Amino acid sequence: MNRYRRALKAADYKVAANYAGNDAAAQKFKAATGIAVYKWDVSSYEFLRRGLKQVEADLGPVEVLVNNAGITRDTSFTA
């Protein structure tokens, strides 16, 4: 689980994670962390809009958004 999700969960935020394709990994992550997972393509405005509505219906209003999406082809960059 990345450090942002851990920190937000530790601060008693309701945390959700979005993923694009690996259902098995997402379910394993959910089981290990207790964090809700939602599958949608973030490059599609319509899918994003619907996905956020579902998160809000399930968990309440989105107060913090951490954009952690990206493709790493050579090496990871960590701040």
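## Briefing: core, salt bridges and side-chain contacts

Set aside its neighbours within four places in sequence, and Val-37 is in contact with Ala-17, Tyr-19, Ala-26, Gln-27, Phe-29 and Lys-30. Keep in mind that this is a predicted model. Val-37 also belongs to the largest nonpolar core, so that's a handy place to start looking, because members of such a core are buried residues joined through side-chain atoms within 4.5 Å.

**The chain overall**

- You're looking at three helices and two strands, and along the sequence they run in the pattern α-β-α-β-α.
- The chain has 79 residues, and 18% of them are buried.
- About 6,300 Å² of the chain is exposed, with carbon and sulfur atoms supplying 53% of that area.
- Take the contacts between residues at least 6 apart in sequence: 30% of them join residues at least 24 apart.

**The nonpolar core**

- Seven residues make up the largest nonpolar core: Val-15, Ala-17, Tyr-19, Ala-26, Phe-29, Ile-35 and Val-37.
- Strand β1 (16-19) and helix α2 are the elements that give two or more residues to this core.
- Among the contacts of Val-37 listed at the top, Ala-17, Tyr-19, Ala-26 and Phe-29 are fellow members of the core.
- Gln-27 and Lys-30 also touch Val-37.

**Thr-33 and its polar contacts**

- Thr-33 sits in helix α2, which covers residues 23-33.
- Its relative accessibility is 13%, so Thr-33 counts as buried, the cut-off being under 20%.
- A polar atom of the Thr-33 side chain lies 2.8 Å from the backbone oxygen of Phe-29.
- On the backbone nitrogen side, Ile-35 comes in at 3.1 Å from a polar atom of the Thr-33 side chain.
- Both of these backbone partners, Phe-29 and Ile-35, are also listed in the largest nonpolar core.

**The aromatic pair**

- The count of aromatic pairs comes to one.
- That pair is Tyr-38 with Trp-40: the ring centres are 6.5 Å apart and the planes meet at 50°, so the pair is tilted.
- Tyr-38 is buried, at a relative accessible area of 11%, and Trp-40 is buried too, at 12%.

**Salt bridges**

- The structure holds three salt bridges.
- One of them joins Lys-39 and Asp-23, with 3.2 Å between the closest N and O atoms.
- Lys-39 belongs to strand β2 (residues 36-39) and Asp-23 to helix α2, so this bridge ties together parts that are 16 residues apart in sequence.
- Both ends are partly exposed, with Lys-39 at 45% relative accessibility and Asp-23 at 37%.
- Over in helix α3 (residues 45-59), Glu-46 and Arg-49 lie three residues apart, about one turn of the helix.
- Their side chains meet in a salt bridge at 2.5 Å, N to O.
- Glu-46 has a second partner in Arg-50, this time at 3.1 Å, N to O.
- Glu-46 and Arg-50 are four residues apart in helix α3, so about one helical turn separates them.
- Put together, Glu-46, Arg-49 and Arg-50 are linked in a network of salt bridges.
- As for exposure in this network, Glu-46 is partly exposed with a relative accessible area of 30%, Arg-49 is partly exposed at 32%, and Arg-50 counts as partly exposed at 47%.

Technical notes:
Residues numbered from 1 in each chain as written. Predicted model: local features only at pLDDT ≥ 70, side-chain atom pairs only at ≥ 80, totals over all residues. Heavy atoms only, no water. Phe/Tyr/Trp six-rings, centres within 6.5 Å; stacked < 30°, edge-to-face > 60°. Buried < 20%, exposed > 50% of the residue type's maximum accessible area, 1.4 Å probe, protein only. Polar contact = N/O pair within 3.5 Å; in protein donor to acceptor, adjacent residues only side chain to side chain. Contact = heavy atoms within 4.5 Å. Areas by Shrake-Rupley, 256 points an atom, 1.4 Å probe, with all protein chains shown as cover. Salt bridge = Lys/Arg side-chain N within 4 Å of Asp/Glu carboxyl O.
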